[in-house]
Amino acid sequence: MKSYRRELWFNVPTRRAFINITSQIEECLKESGIKEGLVLINAMHITASVFINDDESGLHHDFDKWLERLAPHEPVSQYRHNVGEDNADAHLKRQVMGREVVAAVTEGKLDFGPWEQIFYGEFDGRRKKRVLVKIIGE
């Protein structure tokens with residue numbers, strides 16, 4: 001069995017954003033040479049997320065509005081975590097959207113259904129953060 005590891009780095013200039021990273025994962029898969037196996041993609045920061053869904057701007061808008069209703073950024077005083085920080089809402093948003101995804105690799109390609117894409121979700125941006133890509137298989 002082969003193993004491949006790579007870190008993808010992001011520095012999102014806004015507090016929140018959704019970035020399609022599917023092509024970067026496909027590049028990693030090609031570089032790995034693995035044809036059959038699994039790929040794990042996880043955010044290595046507790047205020048960011050990785051998830052699979054549709055790449056449709058209306059849906060991303062809906063995610064942003066829905067998450068803001070669930071865990072509004074302001075007033076920051078509503079959160080106990082916000083002692084010297086203002087990102088408690090980002091921790092909660094990450095918990096809802098998830099830390100990681102695992103996808104099957106078949107014949108050297110991501111084995112996805114229609115419309116599925118991989119996204120990096122940022123909830124406390126404006127600094128450098130990373131995503132781990134780990135691929136195992138043959």
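This passage describes the fold of the chain, one enclosed helix, a buried arginine and a nonpolar surface patch.

The model is predicted. Its chain is built from three helices and eight strands, and, read from the N terminus, these elements follow the order β-β-α-β-β-α-α-β-β-β-β. Along the principal axes, the C-alpha atoms fit a box of roughly 50 × 30 × 20 Å. The chain has 138 residues, of which 41% count as buried. Contacts across the sequence are well represented here: when pairs at least 6 apart in sequence are considered, 82% of the contacts join residues at least 24 apart. The accessible surface of the chain amounts to about 7,700 Å², with 51% of that area belonging to carbon and sulfur atoms. As for charge, 20 positive and 22 negative side chains are present, and the centres of these two sets are 6 Å apart.

Helix H3 deserves a closer look. It spans residues 88–97, and seven of its 10 residues are buried, so the helix is largely enclosed by the rest of the structure. The buried set consists of Ala88, Asp89, Ala90, His91, Lys93, Arg94 and Met97; charged side chains are thus found in it alongside alanines, as Asp89, Lys93 and Arg94 show. The cover over these buried residues includes two strands, S3 (37–43) and S4 (48–53), together with helix H2 (57–70). Directly after H3 comes Gly98, whose phi is positive, at about 100 degrees.

Another buried residue is found in a loop. Arg15 sits between strand S1 (2–11) and strand S2 (17–20). Its relative accessible area is 15%, and because the cut-off for burial is under 20%, Arg15 counts as buried. Leaving aside residues up to four places away in sequence, Arg15 is in contact with His73, Asp86, Glu122, Phe123, Asp124, Gly125 and Arg126. Acidic residues are among these partners, namely Asp86, Glu122 and Asp124, and the stretch from Glu122 through Arg126 contributes a run of consecutive contacts.

On the outside of the chain, attention turns to a nonpolar patch. Met1, Leu38, Val102 and Ile136 together make this surface patch, which covers about 410 Å². One of its members, Val102, belongs to strand S5 (residues 100–106). The relative accessibility of Val102 is 53%, and since exposed means over 50%, this valine counts as exposed. Leu38, also part of the patch, falls within the residue range of strand S3 (37–43), which is itself part of the cover over the buried residues of H3.

Definitions and conventions. Residues numbered from 1 in each chain as written. Predicted model: local features only at pLDDT ≥ 70, side-chain atom pairs only at ≥ 80, totals over all residues. Heavy atoms only, no water. Helix = DSSP H or I, 4+ residues; strand = E, 2+ residues; numbered from the N terminus. Buried < 20%, exposed > 50% of the residue type's maximum accessible area, 1.4 Å probe, protein only. Contact = heavy atoms within 4.5 Å. Areas by Shrake-Rupley, 256 points an atom, 1.4 Å probe, with all protein chains shown as cover. Charge placed at Lys NZ, Arg CZ, Asp CG, Glu CD. Patch = residues over 30% accessible without salt bridge, like charges linked within 9 Å, V, L, I, M, F, W, Y side chains within 5 Å. Salt bridge = Lys/Arg side-chain N within 4 Å of Asp/Glu carboxyl O.
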